[in-house]
Amino acid sequence: MNFIVSSTALHRQLSRISGAIPTRSVLPIIENFLFDITDNRLTISTTNLEISMQTVLPVESRGESIKVAIPSRILLDILKALPEQPITFIIDERTYGVEIGSDNGKYKISGEKGEDFPVIPQPEMTESIQMPLQALLKAIGRTLFAASTDVDKAALNGIYFDLGEFGATFVATDAHRLVRYRRLDVTVENPTHFIVPQKALNLLKSSLDTNDNRDIIVHYNDNNAFFQTLDLLMVCRLIDHKYPDYETVIPTDNPNKLFIAKSELMGTLRRVNIFANKSTHQVRFALKGSELEISSEDPDFANEARENLKCHYEGQDIEIGFNAALLIDVISNVETEEVIIELSQPNRAGLILPNIQEEGENVLMLIMPIMLHTYA
């Protein structure tokens with residue numbers, strides 16, 4: 001069997017799915033790409049047994065259909081080093097040896113029998129939702145940073161998909177901050193919810209084209225989620241844990257509202273955080289009239305900082321503490337030039353909102369306060 005394919009096109013497709021290949025495994029064959037060549041169509045698969053990815057591209061093939069597993073690292077390295085050109089793969093159907101022919105020369109790789117590669121799950125016995133690919137990318141981009149990486153908080157190690165007939169809600173939290181992103185243009189007839197792992201969504205985000213205006217179909221059942229476009233399939237196991245009732249931690253009565261320029265607030269936080277305690281990153285917000293004072297101190301090194309910012313504030317005077325590192329992370333993900341911070345009490349969460357919400361969507365960010373320490 002032999003086939004001809006563009007070196008650049010092949011390298012691009014392999015790079016999209018290579019993130020699902022483990023660097024080391026007790027099952028060595030999954031350190032390979034699985035090539036399945038049938039009727040001028042090349043299907044390439046990767047898996048780490050938790051996440052699987054699959055892509056397709058057209059080729060010019062001759063001979064019987066065949067499956068062969070090809071070592072991933074050496075194949076990626078040679079394709080990266082080749083200029084754009086048609087290359088020929090000749091596969092020995094007896095030994096599974098692979099010879100790659102190019103304008104520059106020939107290269108031989110030892111392959112393995114493709115039938116020994118794990119079967120990639122396909123979307124069967126599933127429900128599905130179709131949405132604009134850009135909507136999904138935006139949902140991932142707006143929320144994923146807030147997901148927990150603590151293995152002891154398994155339920156929080158991903159994004160919670162809450163799909164309903166009136167819209168879709170995507171939530172991520174690490175118990176210190178929370179992001180809730182809603183889309184009114186993404187609906188399903190049968191409401192459902194599931195948790196997609198953080199690692200899988202990071203791989204999906206990096207493999208999708210940010211300029212692609214087509215739709216993506218999300219299939220799901222009790223065990224897996226399948227994200228499918230015309231030339232890409234990603235399959236991942238869902239997190240089998242109950243997600244916490246996130247709505248109960250979102251304060252609904254927030255009479256104190258701060259309106260402030262994002263760039264000025266970020267600059268102040270970054271400077272003041274330099275002088276904060278390195279373990280707590282505690283900064284103090286003191287709001288009075290039309291002025292916000294942000295301060296920090298680290299008595300162990302006699303460091304302290306204080307800055308005043310002009311702002312528009314509606315509410316009572318209040319002092320509240322935040323972890324500056326987390327707050328910077330949250331505010332940096334606000335896409336508008338002005339930020340709204342809604343507060344109720346010093347011991348209740350603060351809400352961070354963009355001053356303008358795009359039509360059909362709603363984003364809310366929350367950060368828990370920290371107890372203010374007064375150093376003698």
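**Exercise 1. Describe how helix H1 is placed against helix H2 (residues 72-81) in this predicted model.**

*Solution.* Begin with the axes: those of H1 and H2 come within 9 Å of each other and cross at roughly 140°. Next, classify the angle: only angles over 145 degrees count as roughly antiparallel, and the crossing of H1 with H2 is therefore oblique. Then take the handedness, which for the passage of H1 across H2 is left-handed. Finally, list the residues that make the contact, which are Ser 7, Leu 10, His 11, Leu 14 and Ser 15 on the side of H1, and Leu 75, Leu 76, Leu 79 and Lys 80 on the side of H2. Sorted by character, the residues of this contact comprise five nonpolar, three polar and one charged.

**Exercise 2. Find which residues of H1 (residues 7-17) are buried, and examine the start of this helix.**

*Solution.* The first step is to collect the buried residues of H1, and these are Ser 7, Ala 9, Leu 10, Gln 13, Leu 14, Arg 16 and Ile 17. The second step is to look at the start of H1, where a side-chain oxygen of Ser 6 comes to within 3.4 Å of the backbone nitrogen of Thr 8.

**Exercise 3. Decide how far helix H3 (residues 133-143) is enclosed by the rest of the structure.**

*Solution.* First name the buried residues of H3: Leu 133, Ala 135, Leu 136, Leu 137, Lys 138, Ala 139, Ile 140, Arg 142 and Thr 143. Because nine of the 11 residues of H3 are buried, the helix is largely enclosed by the rest of the structure.

**Exercise 4. Locate Cys 236 and establish its surroundings.**

*Solution.* Cys 236 has its place in strand E18 (residues 232-237). Its relative accessibility is 1%, so Cys 236 counts as buried. Leaving aside residues up to four places away in sequence, Cys 236 touches Glu 50, Ile 51, Val 196, Pro 197, Ala 200, Asn 223, Asn 224, Ala 225 and Phe 227. As for Ile 90, which is 146 residues away from Cys 236 along the chain, the C-alpha atoms of these two residues are separated by 32 Å.

**Exercise 5. Characterise Met 125 and Ala 175 by phi, and say whether each is buried, partly exposed or exposed.**

*Solution.* Met 125, although not a glycine, has a positive phi of about 55°, and it lies in the loop between strand E10 (112-113) and strand E11 (127-132). With 80% relative accessibility, Met 125 counts as exposed. Ala 175, also a residue other than glycine, has a positive phi near 80°, and its loop runs between strand E13 (167-173) and strand E14 (177-183). The relative accessible area of Ala 175 is 44%, so this residue is partly exposed.

Technical notes. Residues are numbered from 1 along each chain as its sequence is written. This is a predicted model: local features need pLDDT of at least 70, side-chain atom pairs count only at pLDDT 80 or more; totals for chains, interfaces and linings use all residues. Side-chain values use heavy atoms; hydrogens and water are left out. Buried means under 20% relative accessible area, exposed over 50%, partly exposed in between (1.4 Å probe, protein chains only). Helices (H or I, at least four residues) and strands (E, at least two) are DSSP runs, numbered from the N terminus. A polar contact is a pair of N or O atoms within 3.5 Å; within protein, one must be able to donate a hydrogen and the other to accept it, and residues adjacent in sequence count only if both atoms are side-chain atoms. Axes are lines fitted to C-alpha atoms, for helices over the stretch in contact, and angles run from 0 to 180 degrees between N-to-C directions. A crossing is left-handed if the near helix is turned anticlockwise from the far one by less than a right angle, and right-handed if clockwise. Contact means heavy atoms within 4.5 Å. Ala, Val, Leu, Ile, Met, Phe, Trp, Tyr, Cys and Pro count as nonpolar, Asp, Glu, Lys and Arg as charged, and the others, Gly among them, as polar.
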